[in-house]
Amino acid sequence: MTDPIADYLTRVRNAIMAKHRVVEVPASNIKRDITKILFEKGYILNYKFEENGPQGNIKIALKYNPETKHPAIKSIERASKPGLRKYAGSKELPRVLNGLGIAIISTSQGVMTDKEAREKGIGGEVICYVY
């Protein structure tokens, strides 16, 4: 696998389109950080880190509206790819849907949202957009 983050995002996207309640993905430190951000911002219902084998897994409970059955995540797409990395300074950080969505940024101080990076005045690699 050449891009494990794209695989993570694709598994989540496919599970949402198939209306699954839970999706399981192989774990890594950056995937754990992305999962924590998605939970803190209310895009997923819950998550659980399982330590089985050398790598472990992340079980993610997806969030849907109880009445309309629409998913909380409308779109989740990769911004920076292995063939074309996208970096942004603190002044050029992207705004997703005019602030309604989030961009997940990998900075020197860890993985955070575009808003947190803007407040701290740091830039980094734009990993993905979620709304």
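In this predicted model, Ile-104 touches Ile-34, Ile-37, Leu-38, Val-111, Met-112, Glu-125, Val-126, Ile-127, Cys-128 and Val-130, where residues up to four places away in sequence are not counted. A second, separate core of 11 residues includes Met-112, one of the residues just named, together with Ala-79, Ala-117 and Ile-122.

Ile-104 also appears in the description of the largest nonpolar core, which holds 26 residues and in which Leu-38, Ile-60, Leu-62, Ile-73, Ile-104 and Val-130 touch the most other members. Two or more residues are given to this core by each of helix 1, strand 1, helix 2 (29-40), strand 3 (57-62), strand 6 and strand 8 (124-130), and the largest share, six residues, comes from helix 1. As a general background to such groupings, nonpolar side chains in soluble globular proteins tend to be buried together.

The backbone was also examined. Most residues other than glycine have a negative phi. Against this background, Lys-19, a residue other than glycine, has a positive phi, near 60 degrees, and its place is in the loop between helix 1 (4-17) and strand 1 (22-26). A positive phi, near 55 degrees, is likewise found at Asn-98, which is also a residue other than glycine, and Asn-98 lies in the loop between strand 5 (87-88) and strand 6 (102-107). The relative accessible area of Asn-98 is 73%, and because a value over 50% counts as exposed, this residue is classed as exposed.

Methods:
Residues are numbered from 1 along each chain as its sequence is written. This is a predicted model: local features need pLDDT of at least 70, side-chain atom pairs count only at pLDDT 80 or more; totals for chains, interfaces and linings use all residues. Side-chain values use heavy atoms; hydrogens and water are left out. Helices (H or I, at least four residues) and strands (E, at least two) are DSSP runs, numbered from the N terminus. Buried means under 20% relative accessible area, exposed over 50%, partly exposed in between (1.4 Å probe, protein chains only). A nonpolar core is a set of buried Ala, Val, Leu, Ile, Met, Phe, Trp, Tyr and Cys residues joined through side-chain atoms within 4.5 Å. Contact means heavy atoms within 4.5 Å.
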